[in-house]
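Please examine the model shown below before reading on. The paragraphs that follow lead from one pair of strands to the two chains and the contact between them.

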Amino acid sequence: MSKPHRLSTGGRFIDRTKRIHFSFDGKQLTGFAGDTVASAVHANGQRVFGRSFKYHRPRGVIGLGSEEMNALVGVGDGVRHEPNLRATQVELHEGLIAVSQNRWPSLKFDVGAINSHVSRFIPGGFYYKTFMWPQALWKHVYEPIIRRAAGLGKAPEGRDPDTYENIHVHCDVLVIGAGVAGLAAAEAAAATGAKVIIADENPRFGGLADISGGTIEGQALPDWASVKASMLADAGNVHVLNRTTVVGHWHHNFVMLFERVADHDPALLAAGVPRHRLWKVRAGQVILATGSIERPIAFANNDRPGVMLASAARGMVERYGVSPGSSGIVFTNNDDAYQTAIVLKDAGVGVRVVDSRSRAEGALPNKAREMGIAVDTGSVISAVNTSWGGLNITDVKVASYRKGQGRVIKEAKVACDFVAMSGGWNPALHLWCHNGGKIRFDDTLQTFRPDRHADAIRAVGAANGTFVLSNILEEAYAAGSAAAKAVKPEATSIAVSVPTAVQADEKPLEPIWFAPATGKYNEGNKHFIDYQNDVTAADLELAQREGYESVEHTKRYTTFGMATDQGKTSNLNGLGILSEATGKTIPEIGVTTFRPPYTPFSFGSVAGPLTKNLFLPIRRTAIYQWHLDQGAVWEPVGQWRRAYTYPKAGEDKHASIDREILCVRNKVGLLDASTLGKIEIKGPDAAEFLDRMYTNMFSTLKVGKCRYGLMMNELGFLSDDGVTVRLGDDHFLMHTTSGGADRIAAWLEEWLQTEWTHYRVFVTPVTEQWSQFAIAGPRARDVLAKLEPSFDISHEALPHMSFVEGKLGPYPIRLFRISFSGELSYEVATPSNFGLGLWKDILAAGAEFGLEAYGTEALHVLRAEKGYIVVGDETDGTTTPVDVGLDGLVSKKKADFIGKRSLEQSYLKGPDRKQLVGLLTEDPNDVLPDGAYAVRHVKDKPPMEMIGQVTSSYKSPTLGRSIAMALIQNGRSRMGETLSFPLPGGKVIRAKITDTVFYDKEGAKLNV
Amino acid sequence: MLIVKCPVCGAEGDETDFHAGGQAHVRRPATSDPSSVTDEEQRDYLFIRHNPKGLHFERWRCDRGCGKWFHAARDTVTMEFKAYYGITELPPADLIAQAKGPWAEYFANRLKAETKV
């Protein structure tokens, strides 16, 4: 049998004067400008494009455009490699590098093809059934093997060198698809002056017009389409987008368009044009003109390379001047596919029609017969025979058939090397269904059509199940005007008259969901339904027998319709098989859900320009540059960057953290605490409001004093903590955790606006307005004194937990005597613009007392030594104030505050709650890992009963040993008990339960 | 992606510019009489939410706009917003008439209380 080849004439899309060089699997080939990878590789005599997903059967091109599910290729080299592209859509350009996928070691010979011979042992649901046991084998044996065998293409490694864009656009009318219907609708909408966008996934507008036959106003369809396309391109109010796939439709007509801007032309990429662009369109009205997709027929071995859709065979000849082979069979149940036979005959390719209907008397079948094409009605293909390995078709068997017949009675061998099949056409309903559009089954077309939709969207043309050309035009022009009118009722309409069209009449199709096979069913005879996921008719029937009655369950069990093509060609055939297996009608079976995207689109286009520095904004304090200059190690805290520690030359992180801690304990340290959340709360009802928000009382706080407060959510769980200061009778300043500032401000606002709406209170976040530093350590007062305070800083005048507003030298400041280290400590706040100046002056003033800057890790160790909790470390969102031992801060007097009533619920008062305790390891050098589990009994291997977990754990240079805090079941009643913490690798750390305060239990160092 | 409109500042935008705040008109029992809240009442307040097919009353916040909370009535099938109204207000009378479940009871009580005053 001869191979596919370039015909000597024909090919509307190609330019035979421009030869293009490209490679496929390392082989240097040539094609013409206008070719796709699929047509060019075919023209070079190569039909096999890859191996199938599960059985590793050789596969070739089946479709003409985005419906292609077999011929997936990887395109491009190195970091520009893009896997899983449909060869039918990849436009050829000079130097293009394409590789086939899912084959090892080569396309011609693939070791995985053994799966096809053992397929009796890998039926539907195989993965679920087999790889369940033993569990240990899953991770190291089964999963890697399955992934290697079943994977599609490989993702590129390394950073993507190209740029991508996002764009947000509003339009009055969005027309999806630029075939005859789309062009007509866009023309009508644009005539009203409405702002129109028309998008089509193909490089050229016109859809399938060029292979549909017929004329409009005497013009051939492709000519009519190109006139309309250029008219729209010239219109000022129309934006035309080619190479742009509408990938999804969401509520309120939010539509995402994926434009492949530069993939087809490396020169554009080199010029800096974005590779892809993602359009986020909000459309007043959407017109769905997505056309239809031809459906395959389920016959035995309908996946052999050379079996393709009738439209694909026709397109290959007419668009690219490529013959699918030297002689073929058109297998159909409808009149439309006869056009393929006619086109093939015209091109000099041998062809014969096998029609499953008992009669074929339409205009096209009659024309075919007149041309001398043999037509076998009442017949099906019952077998496809190939040379060894399934690479080349040698012949098919044609059997007589009557509707519903389950097995072959009489058959004859017919030599051929390709098959063009057509089971009818399905409206492309994906976008209609993405957002809840309803569909209904049409008995004449034997397919689903659009029904109702809650959004302003209307389907026209083949997408609406309208296949007669004159009806398409009428419907599309009407929809275009109506859509524009709906958005702009005042628009003056220029009537666009509907042109007259002529097209061959077609007789109705007869559905054929399953063509009986030669020999025993399912022994080497695979009737593929979902090619991409290798799901056969037998798999679907098996799922039925095994009790998967719901079509959604069958889908998941067999993976039918779940591949990247989202069931474009497989959906209805699968339902047809299930219908015959169950005796239910297709509408009774129901449909599975179509999900976005229509075709896969790139992550690059989703990210757009928001990569690298633009990925997430970084918040910097006024001291950021100083930290940077000191070589600080950074810690991300929310969006903030905080200095973790400041290693000096020759120091590692541990050494510098220890130095910083001891400096605070023995001398004095300086911390940039500017990220701390700061919220001003002002108004006559501010005090009462805070009493509602905090667990403890704030209305009794005296002006000029500070109080530590706890906040719960309504469930009774801790959500934030911090010190709040009373600046005046009606004025408070609340401190929150660094990460909690925005959340708590929003939280306060929510209660003010929604529950206690009569409170006269303003909540103003002021975090960024202030730079705030902690001066902590025994010499802190000495440092402060050097800074020329305008107020008395003696212990008597300014005791622990008090506040003063004044000046330090030239700087206006607020000073809080509060401590998160357990040392004598002042937090000084100054307007941010003065921050760096004050910071440097403090450093200078403190030099003689040994003052050094310390970072967030030293801060954490210092607070842990004192047993101070961090919300988010010691708490996990299910921790109450009682659990962490702070029940003393939960007011008994206040009638109501957020979370109070929930703390009384039985489930928070039960026994065995985890309580916060301290831990001292038996070996003082052992540092427990954060999150390590305490177990009731140590066993050789998990599972072991867990009774709690470590919440904070550090090496304390102050104490010369490790310390930790943990939440342990009934921890407070187990003081002195020793717990075991088994670690991965077998080591068990033993630690004694203690009080949480490890250092200065009396708090003597605070009150000096 | 829904289009939401703030009745306070008039800003209209994608739902990502707003913050969805869940079911509206949930009464917080502890606000009025904290001493008599039963475990069941508190449980219902915390966890029990109405999830109807059709008319839904919900809370939204104008996140990237004025920052105000407001109420919206939305059809959960068609996704159509039927009304936007203030956070302390009741929905328009025609929607009150259509309200079902806990909302019907809540609106009736509120209307009764208002007529007494």
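Which residue stands opposite A:V255 in β16(A)? The residue is A:V281. It should be said at the outset that this is a predicted model.

The pairing of A:V255 with A:V281 belongs to a longer arrangement of strands. Strand β15 of chain A covers residues 254-260, and strand β16 of chain A covers residues 276-288. These two strands pair in the antiparallel sense, over seven bridges. Strand β15(A) also pairs with β14 (residues 244-250) of chain A, again in the antiparallel sense, over six bridges. Within that second pairing, A:F258 in β15(A) is the bridge partner of A:T245. Strand β15(A) therefore has antiparallel partners in both β14(A) and β16(A), where a pairing requires at least two bridges between the strands.

The connection between β14(A) and β15(A) is a hairpin with three residues between the strands. In the turn, A:H252 has a positive phi of about 55 degrees. Is strand β15(A) mostly covered or mostly open? It is mostly covered, since six of its seven residues are buried. The term has an exact meaning here: a residue counts as buried if 20 or more other C-beta atoms lie within 10 Å of its own. In a regular strand, the side chains alternate between the two faces of the sheet.

Attention may now turn to the loops of chain A. Residue A:A298 lies in the loop between β17 (292-294) and β18 (307-309). Because 25 other C-beta atoms are found within 10 Å, A:A298 is buried. Leaving aside residues up to four places away in sequence, A:A298 touches A:W513, A:F514, A:A515, A:H527, A:I529, A:A537, A:N573 and A:I577. Sequence and space may also be compared for A:A298 and A:M421: they are 123 residues apart in sequence, and their C-alpha atoms are 9.7 Å apart.

Two further loop residues have a positive phi without being glycine. For A:T559, phi is near 65 degrees; for A:D912, it is about 70 degrees. A:T559 is located in the loop between α14 (551-558) and α15 (571-582) of chain A, whereas A:D912 is in the loop between α26 (906-909) and β47 (914-921). Which of these surroundings is buried and which is exposed? A:T559 is buried because 20 other C-beta atoms are within 10 Å, while A:D912 is exposed because 8 are within that distance.

Chain A also contains cis peptide bonds. One runs from A:P596 to A:P597, with omega near 0 degrees, and A:P597 lies in the loop between α16 (586-589) and α17 (603-607). Another joins A:P942 and A:P943, with omega about 0 degrees. A:P943 is found in the loop between β48 (933-935) and β49 (946-956).

These details can be placed within the whole of chain A. The chain has 26 helices and 52 strands, and its C-alpha atoms fill a box of roughly 115 × 75 × 55 Å along the principal axes. Of its 1008 residues, 52% are buried. Among contacts between residues at least 6 apart in sequence, 66% join residues at least 24 apart.

Chain B has four helices and six strands. From the N terminus, its elements follow the order β-β-β-α-α-β-β-β-α-α. The C-alpha trace of chain B spans about 40 × 30 × 25 Å along its principal axes. How does its radius of gyration relate to what a compact globule would have, and what is the value for chain B? For 117 residues, a compact globule would have a radius near 13 Å, and the 15 Å of chain B agrees with this. Buried residues make up 18% of chain B. Of its contacts with a separation of 6 or more, 49% are between residues 24 or more positions apart.

Finally, the two chains touch one another. The contact takes 20 residues from chain B and 20 residues from chain A. On the side of chain B, the elements that give two or more residues are α1 (29-32) and α2 (39-47). Helix α2(B) gives the most, with three residues. By class, this side of chain B has 11 nonpolar, six polar and three charged residues.

Definitions and conventions. Residues are numbered from 1 along each chain as its sequence is written. Chains are lettered from A and ligands numbered from 1 in the order in which they are written. This is a predicted model: local features need pLDDT of at least 70, side-chain atom pairs count only at pLDDT 80 or more; totals for chains, interfaces and linings use all residues. The radius of gyration is taken over C-alpha atoms; the globule rule is 2.2 Å times the number of residues to the power 0.38. A residue is buried if 20 or more other C-beta atoms lie within 10 Å of its own, exposed if 12 or fewer, and partly exposed in between; C-beta atoms are placed from the backbone. Two residues are in contact if their C-beta atoms, placed from the backbone, lie within 7 Å. Ala, Val, Leu, Ile, Met, Phe, Trp, Tyr, Cys and Pro count as nonpolar, Asp, Glu, Lys and Arg as charged, and the others, Gly among them, as polar.
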